[in-house]
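Take a walk through this model, one residue or pair at a time. Keep the sequence and the 3D view side by side.

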Amino acid sequence: MKPKAAKRGAARLLRRGVAGILALAGVGMAAVAAGLPPLPEQAAAYLLEQQTQADAPGGQALSFWQRILLADSALLAQAAAGHADSGTAEETTPPEEIGETPNLSPITPDKVEERTLSGSGTEYVNAQGISLFNRTEKTVDLAAIAQAGSSLHFQPAEAGPQILILHTHSTEAYAQDSAAPYQESGTARTTDPSYNIIKVGEEITRIFEEMGLSVIHDTNLYDYPDYNGAYERSKAAAAQYLAQYPTIQMVLDVHRDALVGADGTVYKPVLQIDGVKTAQVMLLVGSDDAGAVFPDWTEHMALAMELQQQMNSLWPGLARPITLRTARFNQQMTKGSLLVEVGSHGNTLDEALAGARLFARSAAKVLLTRVG
């Protein structure tokens, strides 16, 4: 490409918007030559999706320039470390918008702030008793999605497992408790299943089973010792379970969030329920906004809306606003797949377990109506 042509191409890229051009046309030499700023989330999610597909058996390798941008972009460097919620918080950014990075700063008590997070800001869509934090370019009609609903349907528990619970970021843990300290593999991370997110999944499984649902709880570590590629590994595992147990119609990927302000404040989403400090629960729904095929994402949103309404009807404030994201988070694999964030790394494990129990009880009430 001649120098003048390269300059004209770079100018066109800037005028049309980096995200759309990269998502539709791939990453060209002009984008790199132009010295573009860190990529916006939509383009980042698109390239990460391409990387995921490239890593799969028979996948097509990324182009040279895609590999350059994956290595060079600050946003992608964070996101590629394993969590698509990665980002940099500004002072005006609400804590709901702040995502996790694999390397968190040590938590000190003076930096922890308790909040009950709601959808009262201008960043949220509120309708039908639902609160949504929309982090995509989509215009979301909550009333239309609610009316269309979800086609999720379970066979009776006697026919086989109905739900798979797993943890893509299995070592995620909570704030250290002096009464029950754990050995960290990183800040708010441990391989000990008695203290990490696997313990929370165990509690959700217990409640589901008590209420009559049939569950498989996968306790394997997918983010350790290598954080990169965790979603690819959990996807492969889920595919094996689905092949072995075709009765599974829901995959819940259970995480804990990480909410950090620009000044280093760690926000713990919590409220008092019947005198017990309880971590709030957030449902995360993926979409096709990054360019990957996901035609029925609105069904997942409709299901999340049902679950949020049920949580907040039983225990007002338990559910944080639903978050809609550009990537799929492997949710395309079943009609009922969702990502569940129980508390944040500022919460204690006891708070998270309290939130998990109430989430499981309210969710089971919805899911049992879909059996038969």
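Start with Ala230, which is buried at 1% relative accessibility. The model is a predicted one. Ala230 counts as buried because the cut-off is under 20% relative accessible area. Find Ala230 in helix H9, which covers residues 230-244.

What is Ala230 in contact with, leaving aside its neighbours within four places in sequence? The partners are Thr168, His169, Tyr222 and Asp223. Now look at His167. Along the chain, His167 and Ala230 are 63 residues apart. In space, their C-alpha atoms are separated by 9.4 Å.

Turn next to the charged side chains. Side chains of opposite charge can pair when their charged atoms come close. How many salt bridges does the structure hold? The count is 15. Three of them are worth a visit.

Go to Lys277 and Glu114. Their side chains form a salt bridge, with 2.5 Å from N to O. This pair links distant parts of the chain, 163 residues apart. Lys277 sits in strand E8, residues 276-279. Glu114 sits in strand E1, residues 112-115. Are these side chains buried or exposed? Lys277 is partly exposed, at a relative accessible area of 33%. Glu114 is partly exposed too, at 41%. Both fall in this class because it lies between the 20% and 50% cut-offs. The two residues also belong to a network of salt bridges, in which Glu114, Lys268, Lys277 and Glu351 are linked.

Move on to Arg206 and Glu210. Here the salt bridge stays within one helix: both residues lie in H8, residues 197-210. They are four residues apart, about one turn of the helix. The closest N and O atoms are 2.7 Å apart. Arg206 is partly exposed, with 35% relative accessibility.

The last stop is Arg370 with Glu306. Their side chains meet in a salt bridge at 2.4 Å, N to O. This pair, too, links distant parts of the chain, with the two positions 64 residues apart in numbering. Glu306 belongs to helix H10, residues 297-314. Arg370 lies in the segment after helix H11, which spans 349-367. Which class does each partner fall into? Arg370 is buried, because its relative accessible area of 12% is under 20%. Glu306 is partly exposed, at 27%.

Terms used. Residues numbered from 1 in each chain as written. Predicted model: local features only at pLDDT ≥ 70, side-chain atom pairs only at ≥ 80, totals over all residues. Heavy atoms only, no water. Salt bridge = Lys/Arg side-chain N within 4 Å of Asp/Glu carboxyl O. Buried < 20%, exposed > 50% of the residue type's maximum accessible area, 1.4 Å probe, protein only. Contact = heavy atoms within 4.5 Å.
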